[in-house]
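This briefing looks at how selected helices pack against one another and at two residues in their surroundings. Please read it alongside the sequence and the structure.

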Amino acid sequence: MTRYLITGATGMLGRDLQTALAGREVTALGRSDLDVTDLNAVTAAVAGHDVIINCAAYTKVDDAETNEDAAYAVNAVGPRNLALAASALRAKLVQLSTDYVFDGSATTPYAENTPHSPISAYGRTKAAGEDFVLAENGARSYIVRTAWLYGKNGPNFAKTMLKAAGTRDTLNVVNDQVGQPTWTVDLAAQIVLLLDSDAPAGIYHGTNSGVASKFDQARDVFALAGLDPERVLPTDSSAFVLPAPRPAYSVLGHANWAAAGLEPMRSWQSAQAEAFAAGVFETA
């Protein structure tokens, strides 16, 4: 029987992975259970497992600009420790990564083999984590880059929009940041599919298909909720000045799924509609 270890298991994706792996032998460790920056602790935790899925991450993008050392410890040293431990056991490792490893200047979807070009501290630390995993356990590792995640157990842009709709007549939402809204339930299922298929090691882009701006996503969820989408008004990023720069274009290509004989994830609209029906965006 395959034995799975999920690190960062109490986060949004970690919880949905536990559901997706229900009925299997799973060890789920949250941040209070395992410090991934501690190699000895990681080595002890990984022992006895065949597959490690690393959801542990420093995800406070703006805080990372002034705390890059802390972000590097979790996002780079942590994956290195897990890769070293996995390599010693000849175990598989799934390392979750991000669109922030790119600068967002592209105009067509980023291919899986596009060189890193991060423009933020968070992006730099996640890129370093990818490099460590490939160097230490590349033959048995999957790097799964994702973006614009939402889920029941974590940050939820659509829920924020619907909550704001209850207090404001109109909402200004940026239309110059383009990406792929991605439901953590779909991503968890895709990671399990990847592992079950015994697909080649390498880089895969775990995002729902299609293209959307934040403006598009907000209008879509308004329509799902029976609200007038015209209440959502377009604006640009200059209206929201934040410490960390955001990639303007975060659309990730899905060629490696097809190469592995697997279907990419469904459209973001289909996923958001099912998430809405499942109550993921309820504001009460």
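In this predicted model, Met161 has a relative accessible area of 11% and is therefore buried, since that value falls under 20%. Met161 belongs to helix α6, which spans residues 157–165, and the points below begin with its surroundings before turning to three helix pairs and to the annotated domain.

**Surroundings of Met161**
- Leaving aside residues up to four places away in sequence, Met161 is in contact with Leu171, Val173, Ala218, Val221 and Phe222.
- One of these partners, Ala218, stands 57 residues from Met161 along the chain, yet the C-alpha atoms of the two residues are separated by 6.5 Å.
- Another of the partners, Val221, also takes part in the contact that helix α8 makes with helix α10.

**Helices α8 and α10**
- Helix α8 (residues 214–224) and helix α10 (residues 268–277) have axes that come within 10 Å of each other and cross at roughly 40 degrees.
- That angle makes α8 oblique to α10, and the crossing in which α8 passes α10 is right-handed.
- On the α8 side the contact involves Asp216, Gln217, Asp220, Val221 and Leu224, which meet Trp268, Gln269, Gln272, Ala273 and Phe276 of α10.
- Sorted by class, the residues of this contact between α8 and α10 comprise 5 nonpolar, 3 polar and 2 charged.

**Helices α2 and α4, with Asn81**
- The axes of helix α2 (residues 39–46) and helix α4 (residues 68–89) come within 9 Å, with a crossing angle of roughly 40 degrees.
- At that angle α2 is oblique to α4, and α2 passes α4 in a right-handed crossing.
- From α2 the contact draws on Leu39, Val42, Thr43 and Val46, while α4 supplies Asn81, Leu82, Leu84, Ala85, Ala86 and Leu89.
- The contact of α2 with α4 has 8 nonpolar and 2 polar residues, and no charged residues.
- Asn81, which is placed in helix α4, has a relative accessibility of 3% and so counts as buried.
- Beyond residues up to four places away in sequence, Asn81 touches Val36, Thr37, Asp38, Leu39 and Val42, and of these Leu39 and Val42 are among the α2 residues listed for the helix contact.

**Helices α4 and α5**
- Helix α4 also packs with helix α5 (residues 121–137), at an angle of about 15 degrees and with the two axes 8 Å apart.
- The two helices α4 and α5 are therefore roughly parallel to each other, and α4 passes α5 in a right-handed crossing.
- The α4 side of this contact is made by Glu68, Ala71, Tyr72, Asn75, Ala76, Pro79, Arg80, Ala83, Leu84, Ala86 and Ser87.
- The α5 side is made by Ala121, Tyr122, Arg124, Thr125, Lys126, Ala128, Gly129, Phe132, Val133, Glu136 and Asn137.
- By class, the residues joining α4 with α5 divide into 12 nonpolar, 5 polar and 5 charged.
- Leu84 and Ala86 of α4 appear both in the contact with α2 and in the contact with α5.

**Annotated domain**
- According to UniProt, in an unreviewed entry, residues 3–276 carry the feature "domain: RmlD-like substrate binding".
- Across residues 3–276 the chain is 39% helix and 17% strand, and the C-alpha atoms at the two ends of this stretch are 33 Å apart.

Note on methods
Residues numbered from 1 in each chain as written. Predicted model: local features only at pLDDT ≥ 70, side-chain atom pairs only at ≥ 80, totals over all residues. Heavy atoms only, no water. Axes fitted to C-alpha atoms, helices over the stretch in contact; angles between N-to-C directions. Helix = DSSP H or I, 4+ residues; strand = E, 2+ residues; numbered from the N terminus. Parallel < 35°, antiparallel > 145°, perpendicular 65-115°, else oblique. Left-handed = near helix turned anticlockwise from the far one by under 90°. Contact = heavy atoms within 4.5 Å. Nonpolar A, V, L, I, M, F, W, Y, C, P; charged D, E, K, R; others polar. UniProt positions renumbered as here; feature names shortened; annotations may be inferred. Buried < 20%, exposed > 50% of the residue type's maximum accessible area, 1.4 Å probe, protein only.
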